[in-house]
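Q: Could you walk me through how to read a few features of this structure?

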Amino acid sequence: MQQKRIPMRKCSGCGAMKPKKELVRVVKSPQGEISLDLTGKKSGRGAYICPDLNCLQAARKAKRLERALECAIPAEVYDAMEGEIRTGAAE
């Protein structure tokens with residue numbers, strides 16, 4: 001019997017390949033809104049990041065999420081993502 005393949009994605013911060021379920025998806029909706037997609041089901045262009053502040057800061061510094069989503073990301077969106085990662089890490 002063949003094992004089920006685990007979908008892998010690359011973290012925009014550290015560049016590590018990890019199972020999709022371990023990463024947080026940042027999505028740009030068809031309307032151009034950028035948000036965190038904790039379910040992984042929102043429609044739109046996605047980029048993945050480890051649920052780790054260091055990875056988010058590295059991706060922000062190198063503008064990797066901007067490149068992946070092909071648009072500028074406002075500071076408020078980064079702050080909201082940072083807050084969600086902090087609360088997620090507390091669980």
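A: Happily. A polar contact is a pair of N or O atoms within 3.5 Å; within protein, one must be able to donate a hydrogen and the other to accept it, and residues adjacent in sequence count only if both atoms are side-chain atoms. This is a predicted model, in which local features need pLDDT of at least 70, side-chain atom pairs count only at pLDDT 80 or more, and totals for chains, interfaces and linings use all residues. Residues are numbered from 1 along each chain as its sequence is written, and side-chain values use heavy atoms, with hydrogens and water left out.

Q: Which backbone nitrogen does a side-chain oxygen of D52 reach at the start of α1?

A: That of N54, to within 3.1 Å. Helices (H or I, at least four residues) and strands (E, at least two) are DSSP runs, numbered from the N terminus. Just after α1, K63 has a positive phi of about 55°.

Q: Which residues of α1 are buried?

A: Buried means under 20% relative accessible area, exposed over 50%, and partly exposed in between (1.4 Å probe, protein chains only). In α1, residues 53–61, the buried ones are L53, C55, L56 and A59. They lie on the same side of α1 because they cover an arc of only 160° around the axis, taken from the directions from the helix axis to the C-beta atoms. N54 and K61 are exposed on the other side.

Q: What order do the elements follow from the N terminus on?

A: They run β-β-β-β-β-α-α-α, a total of three helices and five strands. Buried residues account for 32% of the 91 residues.
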